[in-house]
Amino acid sequence: MSPVKPPEAQDGPSDFDPGDHRFGVWGDCETGSGVIGSSGGSADAPDDPVAGVLGVHEQSGGVGVAGHARNVGGGTGVVGTATAGPGLSGTSTAGPGVRAQGGGTAAGVEGKAPAGPGVSGTSADGPGVSGSSTKGDGITGQGGGQGAGVSGAGTDGPGVSGTSATGVGLRGTGGGTSAGVEGVGSAGAGVRGVSTRGTGVLGSSEQGAGVTGKGGGANAGVEGASDSGPGVSGISAQGAGVSGTGGSGAPGVLGTGTDGAGLRGTSTSGAAVLAESVSGPGVSASSTRGTGVSGTSGQGVGVSGTGGGASPGVKGTGGGGPGLSGSSTENVGVLGKGGSGKAGVEGTVTFGPGVLGRSVQGNGVEARGATGLYAKGTSQAAFLDGDVVITGTVFDGASLMRIDHPTLPEDRFLVHAAVESSELKNVYDGSAVLDEHGRATIELPEWFESLNESFRYQLTAVGAPAPDLHVSRPLADHSFDIAGGAAGLDVCWQITGVRCDDWARAHPLVADPSKSAEEKGLLVHPDLVGRPVDLSLSALVARAAAPAEPDPWDDRRGPRSPEPPPRPASGPVGGAG
């Protein structure tokens with residue numbers, strides 16, 4: 001049988017040879033279209049289309065319409081162009097509606113649209129658009145104007161799903177302020193990416209958000225899961241690496257990591273991770289073995305939180321590890337600022353410490369404020385294990401010493417009280433033996449008169465009466481003389497002085513000062529005199545709010561010391577022992 005020839009073309013046939021291909025219709029043209037079909041009718045049902053060209057194959061695995069681009073310089077197997085509708089549309093009850101295989105590094109399906117999506121897929125049960133690749137990107141899209149590079153909408157399943165064995169499952173690059181990948185889910189995730197070794201979802205943007213997602217109902221806007229790498233990773237040169245907005249109690253961004261980080265963000269200038277929420281937490285992170293939230297900074301703040309209303313700036317809850325952990329090599333590990341009298345950092349725990357600070361060389365916990373540190377406990381306000389240095393004045397109800405009992409250390413304590421005075425008084429004593437003339441000189445340290453003034457003496461004879469015992473020469477050049485006793489008599493002596501050093505002169509003690517306007521009507525221990533406990537001075541300190549003025553500690557040097565008050569014209573400097 002002689003080969004079938006096509007009808008004569010209008011401008012001459014091409015040199016195309018069909019080879020072993022079998023065909024129902026053959027059109028051949030050197031410069032124009034091989035086959036043109038036109039129809040003006042409309043379909044009465046979606047499954048009975050009226051097309052310009054219609055191809056039907058009834059066998060299993062058959063193809064209705066097939067297109068091959070054979071030139072090595074590149075070409076497209078099938079091209080569809082539409083003025084208003086999609087350029088290419090495929091429908092299938094079981095398999096994919098459109099299937100294409102790209103050669104080399106070319107895409108299997110490529111769609112371009114001046115305003116709408118380049119490729120659009122809709123599915124009732126499966127993914128609207130599905131792409132898989134063994135080496136390259138499963139799905140890649142580039143959006144123009146304000147359109148997304150890849151856009152998908154799913155009723156039950158994900159709007160867009162991409163899977164790759166070694167590369168990126170789904171990659172999108174946004175232009176201008178458009179998102180690289182945008183997904184909206186009704187019940188499931190808007191965008192879902194799964195990777196066994198690489199990143200599940202990767203988005204990058206020069207100006208806008210690398211990945212943005214908005215969850216419906218109680219679902220997360222962006223959800224990522226990974227066995228070893230980060231579930232969600234975002235990188236931005238200027239904007240937020242990952243941005244999420246949560247509504248109806250759902251977190252803006254939810255990340256869960258088994259061994260790696262649940263959420264990781266990197267930024268060179270802006271926030272690495274930015275989350276905002278109207279009612280729920282901006283960022284919520286949980287870990288079964290590691291830290292719920294961990295922040296590390298080389299130069300800046302490890303974790304920074306600002307609380308609105310009555311909410312704390314940063315709140316962390318830990319199961320076995322710390323609820324909040326921050327580390328910094330040069331700056332503050334954790335920095336929190338509270339609004340409207342609330343705490344910048346708040347920690348709550350049942351058995352362990354609510355807030356724990358450790359430092360190898362610096363201060364473990366540092367407090368600054370109108371009242372630098374306020375502590376109130378059900379059993380003890382504070383327990384300090386070690387030496388304590390205080391550079392100011394200590395006000396207390398009683399100054400006590402408590403040690404293990406010298407003779408019954410396992411069963412009892414020994415408690416002594418300090419000697420009190422209405423002056424800043426120092427007490428010194430000792431003993432001396434009178435010489436053959438019945439005299440003795442008492443030598444004191446050379447700094448004695450620089451520290452003390454207004455001296456008082458007391459002498460006691462031991463072993464025999466000495467009615468004439470007296471101070472024969474008062475203190476001068478850090479010594480004084482005693483006389484009037486028999487030779488060899490033991491004498492116990494005591495001398496007291498009132499402090500006159502610079503600190504004592506700058507802080508004179510008033511034994512019975514008046515209470516301030518805020519303190520009037522309040523008592524140190526109201527319960528001891530039958531008054532309500534809310535009239536306690538400690539309650540006033542506890543509810544004191546920060547003043548609305550610049551923070552005097554902002555320059556990291558502390559406030560300037562006030563001018564010392566003038567010293568009384570006469571009399572000793574008062575103090576408390």
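Biologist: Is glutamate 366 buried, partly exposed or exposed, and how should I read such a label in this predicted model?

Modeller: The label follows from relative accessible area, with buried meaning under 20%, exposed over 50%, and partly exposed in between. Glutamate 366 has a relative accessible area of 43%, and it therefore counts as partly exposed. Please keep in mind throughout that the model is predicted.

Biologist: Which side chain does glutamate 366 meet in a salt bridge?

Modeller: The general idea is that a side-chain nitrogen of Lys or Arg must lie within 4 Å of a carboxyl oxygen of Asp or Glu. Here the side chain of glutamate 366 meets that of arginine 368, with 2.1 Å from N to O, and arginine 368 is itself partly exposed, at 38% relative accessibility.

Biologist: How many salt bridges does the count come to by this rule?

Modeller: The count comes to 5 salt bridges, and two others can be followed here in detail. One of them joins lysine 425 to glutamate 423, whose closest N and O atoms are 3.4 Å apart; the other is formed by the side chains of aspartate 501 and arginine 499, at 2.9 Å from N to O.

Biologist: Where do the partners in those two pairs stand, buried or partly exposed?

Modeller: Each pair has a partner on either side of the cut-off. Glutamate 423 counts as buried because its relative accessibility is 16%, whereas lysine 425, at 30%, is partly exposed. In the second pair, aspartate 501 is buried, with a relative accessible area of 17%, while arginine 499 reaches 22% and so counts as partly exposed.

Biologist: Which residues form the nonpolar patch on the surface?

Modeller: In reading a patch, one looks for nonpolar side chains that are accessible and lie within 5 Å of one another. In this structure Leu384, Val388, Ile390 and Val394 form such a patch, and together they have about 390 Å² of accessible area. Leucine 384 lies in the loop between strand S19 (334-337) and strand S20 (400-404), and it counts as exposed because its relative accessible area is 58%.

Biologist: How many helices and strands does the protein chain have, and what share of its residues is buried?

Modeller: The secondary structure comes to 3 helices and 27 strands, and 23% of the 577 residues count as buried. The accessible surface of the chain is about 39,600 Å², with 50% of it belonging to carbon and sulfur atoms. As for contacts between residues at least 6 apart in sequence, 59% of them join residues at least 24 apart.

How values were computed
Residues numbered from 1 in each chain as written. Predicted model: local features only at pLDDT ≥ 70, side-chain atom pairs only at ≥ 80, totals over all residues. Heavy atoms only, no water. Helix = DSSP H or I, 4+ residues; strand = E, 2+ residues; numbered from the N terminus. Buried < 20%, exposed > 50% of the residue type's maximum accessible area, 1.4 Å probe, protein only. Contact = heavy atoms within 4.5 Å. Areas by Shrake-Rupley, 256 points an atom, 1.4 Å probe, with all protein chains shown as cover. Patch = residues over 30% accessible without salt bridge, like charges linked within 9 Å, V, L, I, M, F, W, Y side chains within 5 Å.
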